[in-house]
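Colleague: Could you put the model up on the screen and go through it with me? I have a few loose questions, and they may jump around a bit.

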Amino acid sequence: MKKLFSNIKGDAFGGITAGIVALPLALAFGVSSGLGPSAGLYGAIFISFFAALFGGTSTQISGPTAPMTAVSMVVIAGIIAVNDGDVNKAMPVILSVFLLAGLMQVGLGILGLGKYIRYIPYPVVSGFMTAIGVIILITQILPSLGYYPKEDEQFVEQFKPQAEEIILENILKEEAGEGILVLENFKETINRAEKISDDDILRESKTLAGTEASGVLGAIKVLPRALKNINWLELALALGTIFIIYGFKRITKVVPSTLVALIVMSGIAIGFGLNYRPIEEIPSGLPIPNLEIFTTFKLSSITPYIFTALTLALLGAIDSLLTSVVADNMTKTKHKPNKELVGQGIGNSIAAFFGGLPGAGATIRTVVNITSGGKTKLSGMIAGVLLFVILLGLGPIASKIPAAVLAGILVTVGIGVMDYKGLKAIPNLPRDVSIGPIKFSMEVVIMLTVLILSTFWNLVYAVGIGLVIASLMFMKKIGDLTAERSDVKTLKEEAWEDEVGFPENLKEEVFIKHIKGPLFFGSTSDFQQLATQIPDTAKTVVIRFDRMQYMDQSGLYALEDMLLDLRKKGIDFLFVDLLPQPRYMMERIDIIPDFVPEEHIFTTFKECMKWIKENVQDTNT
């Protein structure tokens, strides 16, 4: 506790500054997610406070981030679509997924898996981060142009036939659930259909129009219509915001340019009474917990979203721990990765109860905190408290912020989050994989695969596919490199020093094989040929394991097959200098002592030589 208040002045200034930086981003992320600005603000409040309180990085500022919002956006859109476009109906399920992700993060921390997050390959992270930037950038083009598909009457009109079909299908499903046989009772169906109003059809048509225009592909599909229906005021507000964000940085970085852009452009829009589109209203008063989450949080309800929740949890963990490393480098301290995951998980879980977006450690906000004097957990907690005060006191004012201004802010976020370092490296990476005459870099393939699949298909699956490809290619590379150094081939070998002077009369009866390097999946194909290449005159095979430090399951079974072949031919086999790990593997499946008794295992070649002289007869004499 004493340490917590050891830097009150610096922590207060750092926390307040970081909170100010977080405000416009939290509102923008909330709007872009589809849950509204309050969701972003609630997420920033609770995650910032509780992740700081329970986390393992003293100076970390947490809240909704671009990667977490992009994945959340996919989750939210999917669940809303399943629930007939009704946000209120879908909300408990959405928050249940966010809660599950938070609990998974706590579990990762308790299990001590935080230190392993760093092993996720860079090409996967690079492709994912660039895809996040592309997704945010493209999906914000429409609101920057002031085009909203649900408000385009001609666009919505074309979905009315499909809307009528969906409404009719819903009536039939209701009747089926009530046990009404439609073919026996048309009147009930007709009665219910007659109650359908034009407003019902219009509402469903707008939902379909919004779904059609959602995501990257949807935005690209309706872009031609948007360009024909530009709202020049909204575009001017968005461009003005972008100009100030980039321009003000050239003047000074003491005051966050994002906040300056938010205040200036909102002030112009409000002060001149412009006819702009405001963001959704931010509820005033204290955040209210969503108690429906308790009835929804059941295994049957969340099972389809377990993998999605795990992706959110892992992404939040990666995002947070990368920021922790940045904080360590700046403060010359050492974060506690597992404790940090527990703190992030607690913050995300509590935020879910209050309808907040999930988040993670935010690099920019953390850097601002540190450079402004923040040194302890108190700074992150103060940032959360500041946002809470803004919510209570300035909610009605914040609700007047133009939607186009937040769209402009998000455009700069999308541009900034892309991994330009990875993109610039593409021409210079070694082309280490060949398909026919074509050579290419596997790192580039992985990055572009994740980038393309994330942008145009599914963020969750793209990361999984990228990890699988990266893991397979890593195993292949390591296998190839190890196989180059490993020697299990049955070639004429130079005698080792202790084999010099081996009796000439026994060289035809005794075949000595040296295994140099691990016996694993990458070298088993060569090893399997050993039994077929042993000279016909050999009666005893000596296998020297002095330099075989490791054996995997593939190597183990390859060895077993070879010993079976030798036994069928009536050939004895002797082991020399068997190291602990390979011996343990052989004992697990009883190669020792069933195939190779202890008296046939020798510590040195000298002991083996003594046994050979006593037991192997020269057939030529």
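Colleague: Of the contacts between residues at least 6 apart in sequence, what share joins residues at least 24 apart?

Modeller: In this model, which is predicted, the share is 83%, counted among contacts in the protein chain between residues at least 6 apart in sequence.

Colleague: And how many helices and strands are there?

Modeller: The protein chain has 29 helices and eight strands. As for burial, 52% of the 621 residues in the chain are buried, while the chain exposes about 30,700 Å², of which carbon and sulfur atoms supply 62%.

Colleague: Let's take the strands, then. In what order do the strands of the open sheet come?

Modeller: The order is β5-β6-β7-β8, four strands in an open sheet with parallel pairing. The edges are formed by β5 and β8, the latter covering 601-602, and each of these two pairs on one side only.

Colleague: How many bridges hold each pair?

Modeller: Going across the sheet, β5 and β6 (residues 540-547) are paired over six bridges, β6 and β7 over five, and β7 (residues 572-576) is joined to β8 by two.

Colleague: Which residues stand opposite each other between β5 and β6?

Modeller: One example is His 514, which stands opposite Arg 544 in β6, and another is Lys 516, whose bridge partner in β6 is Arg 547. If you follow Arg 544 onwards, its bridge partner in β7 is Val 576, and Val 576 in turn has Phe 602 as its bridge partner in β8.

Colleague: β5 is an edge strand, so why do you call it largely enclosed?

Modeller: Strand β5 spans residues 510-516, and six of its seven residues are buried, so β5 is largely enclosed by the rest of the structure, even though it pairs on one side only. The reasoning for β6 runs along similar lines, because six of its eight residues are buried.

Colleague: Changing topic: how many cavities of 30 Å³ or more does a search of the whole structure find?

Modeller: The search finds one, and about 30 Å³ of space lies in it.

Colleague: Which residues line that cavity?

Modeller: The lining consists of Leu 23, Leu 27, Leu 41, Ile 282, Ile 390, Leu 391, Leu 394, Gly 395 and Ala 398. By class, eight of these are nonpolar and one is polar, with no charged residues in the lining.

Colleague: Which helix gives the most to it?

Modeller: That is α19, with five residues. Helix α19 runs over 377-398, and both α19 and α1 (8-33) supply at least two residues of the lining.

Colleague: Now the backbone oddities. Where is there a cis peptide bond?

Modeller: A cis peptide bond joins Ile 592 and Pro 593, with omega at about 15°. Pro 593 belongs to helix α28, which covers residues 591-595.

Colleague: And which residues other than glycine have a positive phi?

Modeller: Asp 590 is one of them, with phi at about 65°, and it sits in the loop between α27 (580-588) and α28. Asp 590 counts as partly exposed, because its relative accessible area is 39%, and the cut-off for exposed is over 50%.

Colleague: What about Lys 332, buried or exposed?

Modeller: Lys 332 is exposed, because its relative accessibility is 73%. Its phi is also positive, near 55°, and the residue is found in the loop between α16 (306-331) and α17 (337-353).

Colleague: One last thing, about Leu 172. Where is it found?

Modeller: Leu 172 is found in helix α8, which spans residues 160-177. With a relative accessibility of 33%, Leu 172 counts as partly exposed, because the buried class requires a value under 20% and the exposed class one over 50%.

Colleague: How far is it from Thr 189?

Modeller: The C-alpha atoms of Leu 172 and Thr 189 are separated by 7.5 Å, and the two residues are 17 residues apart along the chain.

Conventions:
Residues are numbered from 1 along each chain as its sequence is written. This is a predicted model: local features need pLDDT of at least 70, side-chain atom pairs count only at pLDDT 80 or more; totals for chains, interfaces and linings use all residues. Side-chain values use heavy atoms; hydrogens and water are left out. Buried means under 20% relative accessible area, exposed over 50%, partly exposed in between (1.4 Å probe, protein chains only). Contact means heavy atoms within 4.5 Å. Accessible areas come from the Shrake-Rupley method with a 1.4 Å probe; for residues, only the protein chains shown count as cover. On a 1 Å grid over the protein atoms alone, a cavity is a set of points where a 1.4 Å probe fits but cannot get out, and a pocket is an open set with protein on both sides within 12 Å along at least five of seven lines; lining residues have an atom within 4 Å of a point. Grid points are joined across faces, edges and corners, and a volume is the space filled by probe spheres set on the points. Ala, Val, Leu, Ile, Met, Phe, Trp, Tyr, Cys and Pro count as nonpolar, Asp, Glu, Lys and Arg as charged, and the others, Gly among them, as polar. Two strands pair if DSSP finds at least two bridges between them.
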